[in-house]
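This report introduces a protein structure to a reader who has not met it before. The sequence and the structure should be viewed side by side while reading.

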Amino acid sequence: MRIEQLERDDVVVDFAARLLAGLVRSSSTATLRNVLSEALPWTVFLPDGDVDVFLAELSMVARGAADLDNVAPVAVLLAQWRHTAEVHADPALREILTAEPDGDFGLVPEPGL
């Protein structure tokens, strides 16, 4: 990739991150949820409170990633939240993951120094 293209990409990512942050701060929640469900359809499976947390985290991580010129943290965050949506979309999986464990797992070894 040429350096000029990389610099243009950085400008676009920075703009998108700042735009997202501004929208999260100033837009109505209903409007953001509608736009979000179009951009990331899997967000419809997230509980309302989680959508708010996701938007706040996405805004912060996008701004930080733009400042570092590294979009990898945004990709990681999106993957993590997509997995969270997958759990909420599957009641059986959610039950397995949130159930209290049965039985006693035995003694916990003392941590070494």
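The following paragraphs treat the helices, the salt bridges, the aromatic groups and some individual residues. The structure is a predicted model.

**Helix H1**

Helix H1 covers residues 3–26. Its 24 residues should span 34 Å at 1.5 Å a residue, and the end C-alpha atoms are 35 Å apart, so the two values agree.

Which residues of H1 are buried? They are Ala 17, Leu 20, Ala 21 and Gly 22. These buried residues of H1 pack against helix H3, which comprises residues 48–68. A residue of H3 shows this packing from the other side: Ser 59 is placed in helix H3. With a relative accessible area of 5%, Ser 59 is below the 20% limit and therefore counts as buried. When neighbours within four places in sequence are left aside, Ser 59 is in contact with Leu 20, Ala 21 and Val 24. Leu 20 and Ala 21 are among the buried residues of H1.

H1 also contributes to the surface. Leu 23 is found in this helix, and its relative accessibility of 36% makes Leu 23 partly exposed. Together with Phe 15 and Leu 19, Leu 23 makes a nonpolar surface patch of about 280 Å².

**Salt bridges**

How many salt bridges does a search of the whole structure find? The search finds four. Three of them are listed below, each with the distance between nitrogen and oxygen.

| Residue | Partner | N to O distance |
|---|---|---|
| Asp 14 | Arg 18 | 3.0 Å |
| Arg 33 | Asp 48 | 3.4 Å |
| Arg 33 | Asp 52 | 2.9 Å |

The pair of Asp 14 and Arg 18 belongs to helix H1, where the two residues are four residues apart and are therefore separated by about one helical turn. Asp 14 is partly exposed, with a relative accessibility of 25%, whereas Arg 18 is exposed at 55%.

The salt bridge between Arg 33 and Asp 48 has its closest approach, N to O, at 3.4 Å. This pair links distant parts of the chain, for Arg 33 lies in helix H2 (residues 29–39) and Asp 48 in helix H3, 15 residues apart. Arg 33 also forms a salt bridge with Asp 52. Since Arg 33 is in helix H2 and Asp 52 in helix H3, this second pair ties together parts that are 19 residues apart in sequence. Arg 33, Asp 48 and Asp 52 are thus linked in a network of salt bridges.

The members of this network have the following accessibilities. Arg 33 is partly exposed, its relative accessible area being 22%. Asp 52 counts as partly exposed as well, at 38%. Asp 48, at 56% relative accessibility, counts as exposed.

**Helices H2 and H3**

A C-alpha distance offers another view of these helices. Thr 29 is found in helix H2 and counts as partly exposed at 41% relative accessibility. The C-alpha atoms of Thr 29 and Val 51 are 9.6 Å apart in space, while the two residues are 22 residues apart in sequence.

Val 53 is found in helix H3 and is partly exposed, with a relative accessible area of 37%. Its C-alpha atom is separated by 16 Å from that of Val 87, a residue 34 residues away along the chain. Val 87 falls within the range of helix H4, residues 72–89.

**Aromatic residues**

The structure holds two aromatic pairs. One aromatic cluster is formed by Trp 42, Phe 54 and Trp 81.

**The loop between H3 and H4**

Which residue has a positive phi although it is not a glycine? This is Asp 69, with a phi of about 55°. Most residues other than glycine have a negative phi. Asp 69 is placed in the loop between H3 and helix H4.

**Summary**

The buried residues of H1 pack against H3, and salt bridges of Arg 33 join helix H2 to helix H3. On the surface, Phe 15, Leu 19 and Leu 23 make a nonpolar patch. Between H3 and H4, the loop contains Asp 69, whose phi is positive.

Note on methods
Residues are numbered from 1 along each chain as its sequence is written. This is a predicted model: local features need pLDDT of at least 70, side-chain atom pairs count only at pLDDT 80 or more; totals for chains, interfaces and linings use all residues. Side-chain values use heavy atoms; hydrogens and water are left out. Patches are made of residues with over 30% relative accessible area and no salt bridge: like charges are joined within 9 Å, nonpolar side chains (Val, Leu, Ile, Met, Phe, Trp, Tyr) within 5 Å. Accessible areas come from the Shrake-Rupley method with a 1.4 Å probe; for residues, only the protein chains shown count as cover. A salt bridge is a side-chain nitrogen of Lys or Arg within 4 Å of a carboxyl oxygen of Asp or Glu. Buried means under 20% relative accessible area, exposed over 50%, partly exposed in between (1.4 Å probe, protein chains only). The expected span of a helix is 1.5 Å times one less than its number of residues. Contact means heavy atoms within 4.5 Å. Rings of Phe, Tyr and Trp (its six-membered ring) pair if their centres lie within 6.5 Å; planes under 30 degrees apart count as stacked, over 60 as edge-to-face and the rest as tilted.
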